[in-house]
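Visitor: I am new to this structure. Could you walk me through its salt bridges and explain the labels?

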Amino acid sequence: MTTADDIIKLEAAAARERIGWVLEKSPSRTILTTSFGVQSAVLLHMVSEMSPELPVVFVDTGFLFEETYQFAQELTQRLGLNLKTYKPIMDAKTLVERHGELWASGTEGLEQYNQIVKVEPMGRALEDLAPKFWLSGLRRSQAKSRSDRTVLEEQSGVAKVYPLIDWSERDIYKYLKTHDLPYHPLWEKGFVSVGDYHSSAPLQAGQEHEKTRFSGVKRECGLHEAGETK
């Protein structure tokens, strides 16, 4: 059971202290989720050092860049991750044959797409692993939709903690350099956020970071919708 006092305590804590608090609360029923995105190596490295056996959930939509699969393999081997991969029941080819390019069909189509390839697989992960705590690398500076998030929220009955919630781009860069960790390979090609290949684009001059995904139609994919704070 988490409380408002827990939020106050965690807001004042450092990233590793936040992870430590979760592991102390429930060492055997905690998961970490990752998309193997641009800056994913930071939290993966921290958690792998503090709890090597902790399950790392990766939702593979079937529409990821080849570079993402390469990055996932590299980090999994280097950090010794206990990776748990979940895929949609419907593969990419079947989805397009039955529904067309949902991601390009406006907000309603995009929400249906996210439900099929992201939300449903994550729901199965939560059922299988039955966590009490869920660690995620979400940060306030990533998008306007995340700017007011608290360090601790509740989603799907799970206490969700964001150890890097208040980290800046500079904080991320310094950590990666200090620990000789890589950015996603597409970072060098101008990608500041990497998801599915059909709806992720390099950052253009004067463009907000969040507009590089799904042409700016919707930032959140359903995995990190604002939860109920405790």
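Guide: Gladly. This is a predicted model. A search of the whole structure finds six salt bridges.

Visitor: What makes E49 and R16 a salt bridge?

Guide: Their closest N and O atoms are 3.0 Å apart. The cut-off is within 4 Å, so the pair counts as a salt bridge.

Visitor: Where do the two partners lie?

Guide: E49 is in helix α3, residues 41-50. R16 is in helix α2, residues 15-25. They are 33 residues apart, so the pair links distant parts of the chain.

Visitor: Why is E49 called partly exposed?

Guide: Its relative accessible area is 48%. Partly exposed lies between under 20% and over 50%, so E49 gets that label. R16, at 30%, is partly exposed too.

Visitor: How do you know that D166 forms a salt bridge with R18?

Guide: The closest N and O atoms of D166 and R18 are 3.0 Å apart. D166 lies in the loop between β6 and α7, and R18 in helix α2, so the pair ties together parts 148 residues apart in sequence.

Visitor: Is R18 buried or exposed?

Guide: Buried. R18 has 0% relative accessibility, and buried means under 20%. D166, at 40%, counts as partly exposed.

Visitor: What makes R124 and E120 a salt bridge?

Guide: Their side chains meet at 2.8 Å, N to O. That is within 4 Å, so the label fits. Both lie in helix α6, four residues apart, about one turn of the helix.

Visitor: Why is R124 called partly exposed?

Guide: R124 has 24% relative accessibility. Buried would need under 20%, and exposed over 50%, so R124 falls in between. E120 is partly exposed as well, at 26%.

Notes
Residues numbered from 1 in each chain as written. Predicted model: local features only at pLDDT ≥ 70, side-chain atom pairs only at ≥ 80, totals over all residues. Heavy atoms only, no water. Helix = DSSP H or I, 4+ residues; strand = E, 2+ residues; numbered from the N terminus. Buried < 20%, exposed > 50% of the residue type's maximum accessible area, 1.4 Å probe, protein only.
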